[in-house]
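The following note collects points on one sheet of the model, the helices packed on it and a lysine beside it. Please read it alongside the coordinates.

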Amino acid sequence: MTYFLDLFMSGLTRGSIYALIALGYTMVYGIIALINFAHGEIYMIGAFTALLASLVLSSLGLTGWGLLFSVAAIAAIYSAMYGWTVERIAYRPLRGASRLAPLISAIGMSFFLQNYVQLAQTPNFMLFPDLIPQMPFLKPVAGYLNRTQVMILLFTIVSMVALTFYIKYTKMGMAMRAVAQDITMARLSGVNIDRVISTTFIIGSVLAALGGVLIGCSMRQIYFHMGFLAGMKAFTAAVLGGIGSIPGAVIGALILGFAESFAAGYISSSYRDVVAFIILIIILIFRPEGIMGQAQTQKV
Amino acid sequence: MTAATDRPQSAAKTESSDLILSALGMSMVFGGLVALNNVDLSIERDSITALIGPNGSGKTTFFNCVTGIYKPTRGDVILYPAIDLPSISLKGKPADVITHQGLARTFQNIRLFNNLTVLENVLIGRHTRMKAGLWGALTRNKKTRQEEAEAIEFSFELLVTYGLDSMANELAKNLPYGDQRRLEIVRALATEPKVLLLDEPAAGLNISETSALRDLISNIRENEKVSILLIEHDMSLVMTVSKKIYVFDYGRLIAQGPPDEIQRDPKVIKAYLGED
């Protein structure tokens with residue numbers, strides 16, 4: 001039972017990180033039908049920014065919760081600037097071009113950012129500081145739940161709730177839903193779609209950066225290529241849940257997280273990715289639009 | 001000479017003070033197909049103008065050129081926002097800017113945001129009249145909240161005026177067809193347009209719905225200080241509501257004038273019925 005709970009918790013936290021990244025993929029796809037392959041790199045940049053910020057801030061004497069939250073905020077803001085810039089220089093000029101063009105541009109951006117970080121920060125694994133303060137109140141459940149997992153779940157839940165409210169109740173959230181449904185009509189109703197798209201990239205980047213900070217705290221090491229596999233997994237999660245659907249991305253990410261964790265625990269850790277992708281294949285055979293996705297009827 | 005300096009853009013054309021919008025020499029070419037050929041069309045302030053013509057004569061293409069969906073190959077669109085304000089060229093502007101300047105339209109095939117509620121559809125129309133940007137959205141300061149509350153109030157009042165308030169929280173896709181048409185028009189009105197362009201609003205409506213639409217259009221004209229340009233095939237509707245009619249055929253303007261003149265115009269009859 002303890003073993004099961006262990007695997008369950010690790011699946012839940014793994015799934016939460018995937019969900020934070022997958023939301024960026026699914027929101028961007030929902031709005032401009034672009035698979036933003038550079039998104040995994042934003043997550044990586046979030047982790048590196050957090051590393052640098054934590055070194056500077058802790059040398060200035062900041063510790064504990066203050067350090068954690070200011071590092072997370074700096075990583076989020078800095079990555080959001082990257083996300084915004086990537087959209088501005090790599091995708092916006094290609095708006096209206098064939099769908100392949102921005103896709104290639106996204107792949108190029110991904111290589112560029114990876115290599116840039118490799119050159120700037122060396123290709124080595126870098127030690128990530130333990131930013132999460134001790135939580136004495138966790139003593140009774142110490143066997144099942146550690147402070148890193150608590151923090152990951154907390155960040156994820158708060159971000160999801162905030163995002164849901166943002167999309168449902170604010171002017172910009174409503175505009176996002178309108179643009180996702182009919183971009184021309186949104187424009188004709190007076191919505192500035194460039195601003196909506198920029199905001200989508202900013203929100204996606206903030207979430208990915210938080211994911212990067214959390215994975216750093218959890219794995220205690222980061223490196224320039226970490227965004228690739230994480231990005232692929234999160235993209236898988238988004239497709240699994242139905243790309244374009246926000247609750248779908250969260251559900252898909254959790255399924256993927258649990259599948260990987262249980263496969264690694266009960267079969268073998270080398271089968272982890274195999275099981276994850278078998279699930280993806282099965283779902284795509286029987287429900288190609290994904291779990292929460294809506295089948296698209298092509299209009300003539 | 002003095003007249004020319006008073007109204008430089010249109011002094012040669014016509015009395016601009018009576019006009020709200022004019023399209024000058026509009027042409028749209030798709031590859032080798034000339035969809036619109038050098039069309040001049042003007043809309044008088046506070047009037048209902050109709051645009052008719054056989055299928056494929058370029059009416060919707062004209063709408064698309066004016067509202068910024070297409071970039072016209074040649075020609076200009078000039079808006080005269082008010083008598084004492086300078087005129088604005090809308091040529092080549094993106095659709096959201098044109099909407100902001102005061103043009104709003106509806107579509108032949110209804111294009112609502114199906115998965116948004118009725119009220120939210122109208123709120124999207126308010127977007128262009130709201131100022132709060134990213135900063136306001138992030139901080140949710142007092143000004144932003146007040147602005148959003150005002151937008152909801154404005155939109156709900158529009159729904160009340162046009163009889164859709166009882167369905168405000170329904171998803172747009174669940175509305176009956178006639179109400180969807182009406183909602184599309186209300187959403188366009190939410191942008192506070194100076195010119196409202198309606199593309200076949202009576203398409204698919206039955207006789208009683210068409211008659212309700214006629215009342216709706218007349219009501220809008222009276223309540224909203226808006227000039228209307230209407231594409232329509234329902235001749236009884238066109239002839240009763242419009243002050244001036246333009247007739248297109250094969251992308252050209254073949255006739256213009258008041259309804260009784262148009263009904264007798266041999267070129268119009270020929271375009272619709274063919275020759276013996």
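1. In strand S9 of chain B, B:Ile245 is the bridge partner of B:Ala50, and B:Lys244 is that of B:Thr49. Strand S3 (residues 48-52) and strand S9 (residues 244-249) of chain B run parallel and are joined by four bridges. Strands are DSSP runs of E of at least two residues and helices DSSP runs of H or I of at least four residues, numbered from the N terminus; two strands pair if DSSP finds at least two bridges between them.

2. This is a predicted model: local features need pLDDT of at least 70, side-chain atom pairs count only at pLDDT 80 or more, and totals for chains, interfaces and linings use all residues. Residues are numbered from 1 along each chain as its sequence is written, chains are lettered from A and ligands numbered from 1 in the order in which they are written, and side-chain values use heavy atoms, with hydrogens and water left out.

3. S3(B) is also joined to S8(B) by four bridges, again in parallel, with B:Thr49 opposite B:Leu229. Five of the five residues of S3(B) are buried (under 20% relative accessible area, 1.4 Å probe, protein chains only), so the strand is largely enclosed by the rest of the structure. B:Ile48, B:Ala50 and B:Ile52 point one way, while B:Thr49 and B:Leu51 point the other.

4. The open sheet has six strands of chain B in the order S6-S7-S8-S3-S9-S10, with mixed pairing. Its edge strands, S6 (103-105) and S10 (252-257), each pair on one side only. Neighbouring strands are turned by 20° against each other on average, direction ignored.

5. Helix H8 (residues 207-224) of chain B packs on the sheet, touching S3, S7 and S8 (heavy atoms within 4.5 Å). Its direction makes about 155° with that of S8(B); axes are lines fitted to C-alpha atoms, for helices over the stretch in contact, and angles run from 0 to 180 degrees between N-to-C directions. H11(B) lies across S3, S9 and S10, at about 130° to S10(B).

6. At the N-terminal end of H11(B) (residues 266-273), B:Asp265 acts as a cap, with a side-chain oxygen 2.9 Å from the backbone nitrogen of B:Lys267. Just after this helix, B:Gly274 takes a positive phi of about 80°.

7. B:Lys59, in helix H2 (residues 59-66) of chain B, merits inspection. Its side chain reaches the backbone oxygen of B:Gly53 at 2.9 Å. Residues touched by B:Lys59 include B:Leu51, B:Ile52 and B:Phe248.

Terms used. A polar contact is a pair of N or O atoms within 3.5 Å; within protein, one must be able to donate a hydrogen and the other to accept it, and residues adjacent in sequence count only if both atoms are side-chain atoms. Buried means under 20% relative accessible area, exposed over 50%, partly exposed in between (1.4 Å probe, protein chains only). Lists of a residue's contacts leave out its neighbours within four places in sequence.
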